[in-house]
Amino acid sequence: MKKVILFLLLICPFIMSAQELVSFKVTPDGNFVSSTGEDFVVVPFEGKNAHQIYQMLASNVGSVYNDPSKVMSGVEDASIKIRAFSDNIYTKKVMGIPHAFQGFYQIEFRIKDGRVRITAPYVEDSLDAPSISNQFGGNKGSFRHIVGKWFKNGKLKEKEAPNASNIELQLNGAINGILGLSGSTSKVDDDW
């Protein structure tokens, strides 16, 4: 799934529509904020009512995730909540060998006529790295604690930029895929 999301993000500049992609950035406390510093973004869907938007988003969840019924819950025409598993939230090198920390993240879409409010993604604090034995520093991690080490005086450390970029690409890719803003899904009409 990571490869698909990365591929979509790489080709987005060439095929994206006039609507801007949603982008959240990780902060030193392990939360995410928009470019304006808010913990949400509102995306307009002019000319569509809440039911049409809900149907489109629910359909797009199936394009992003293998089994949408396992990751999606919602209130029809009002909200969609995603709780999904990532097998590579953070990579740590132990004795020169990279080990991936795994965990769950959540994304929420609130729907009204003509617009969708996307709450900033949330990575659940408990991470697991099954490939690291306890003798090498344990196999559990706290997302907030790990992310705090990526920053110094509020600035992202250069050597940790790939880790921050990885989690941001995963979450923003999923959000934009569900919204239909990445790839050609944003302009698909019913005549296919």
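Colleague: Let's start with Arg144: which residue does the side chain of Arg144 meet in a salt bridge?

Modeller: This is a predicted model, so keep that in mind as we go. The N to O distance for the pair is 3.9 Å, and a salt bridge calls for within 4 Å. Arg144 sits in helix H4 (residues 143-148), and the pair links distant parts of the chain, 19 residues apart. The partner, found in the loop between strand S7 (115-123) and strand S8 (126-128), is Asp125.

Colleague: And is Asp125 buried, partly exposed or exposed?

Modeller: Buried means under 20% relative accessible area and exposed means over 50%, with partly exposed in between. Asp125 comes out at 29%, so the label is partly exposed.

Colleague: How many salt bridges turn up in a search of the whole structure?

Modeller: One of them joins Lys25 and Glu168, at 3.6 Å from N to O. That pair also links distant parts of the chain, with Lys25 in strand S1 (residues 24-26) and Glu168 in helix H5, 143 residues apart. Another joins Asp67 and Lys70, at 4.0 Å. For the whole structure, the search finds five.

Colleague: In the pair of Lys25 and Glu168, which residue counts as buried?

Modeller: Lys25 has a relative accessible area of 45%, so Lys25 is partly exposed. Glu168 is at 12%, and the cut-off for buried is under 20%. The buried one is Glu168.

Colleague: What about Asp67 and Lys70: which residue counts as exposed?

Modeller: Asp67 has 33% relative accessibility, which means it counts as partly exposed. The cut-off for exposed is over 50%, and 68% is the value for the residue that counts as exposed, Lys70.

Colleague: Which residues gather in a patch of positive charge on the surface?

Modeller: One member is in the loop between strand S11 (155-156) and helix H5 (161-179), namely Lys157. Lys157 has 31% relative accessibility, so it counts as partly exposed; a patch takes residues with over 30%. The full patch is Lys149, Lys152, Lys157 and Lys159.

Colleague: Moving into helix H5, which residues does Asn172 touch, leaving out those up to four places away in sequence?

Modeller: Asn172 lies in helix H5. With 9% relative accessibility, Asn172 counts as buried. Its contacts, not counting residues up to four places away, are Val22, Ser23 and Phe24.

Colleague: Asp77 has a positive phi although it is not a glycine; what is the angle?

Modeller: Most residues other than glycine have a negative phi, so a positive one catches the eye. Asp77 is in the loop between strand S4 (72-75) and strand S5 (79-94), and at 27% relative accessibility it is partly exposed. Its phi is about 65°.

Colleague: Asn153 has a positive phi as well; where is Asn153 placed?

Modeller: The phi of Asn153 is about 55°, and Asn153 is not a glycine. Its relative accessible area is 75%, so Asn153 is exposed. Its place is the loop between strand S10 (151-152) and S11.

Colleague: Last one, on the protein as a whole: what share of its residues is buried?

Modeller: The secondary structure comes to five helices and eleven strands. Among contacts with a separation of 6 or more, 59% are between residues 24 or more positions apart. The protein exposes about 11000 Å², with carbon and sulfur atoms supplying 53% of that. Of its 192 residues, the buried share is 41%.

Notes. Residues numbered from 1 in each chain as written. Predicted model: local features only at pLDDT ≥ 70, side-chain atom pairs only at ≥ 80, totals over all residues. Heavy atoms only, no water. Patch = residues over 30% accessible without salt bridge, like charges linked within 9 Å, V, L, I, M, F, W, Y side chains within 5 Å. Areas by Shrake-Rupley, 256 points an atom, 1.4 Å probe, with all protein chains shown as cover. Lys, Arg positive; Asp, Glu negative; His and termini not counted. Charge placed at Lys NZ, Arg CZ, Asp CG, Glu CD. Helix = DSSP H or I, 4+ residues; strand = E, 2+ residues; numbered from the N terminus. Buried < 20%, exposed > 50% of the residue type's maximum accessible area, 1.4 Å probe, protein only. Contact = heavy atoms within 4.5 Å.
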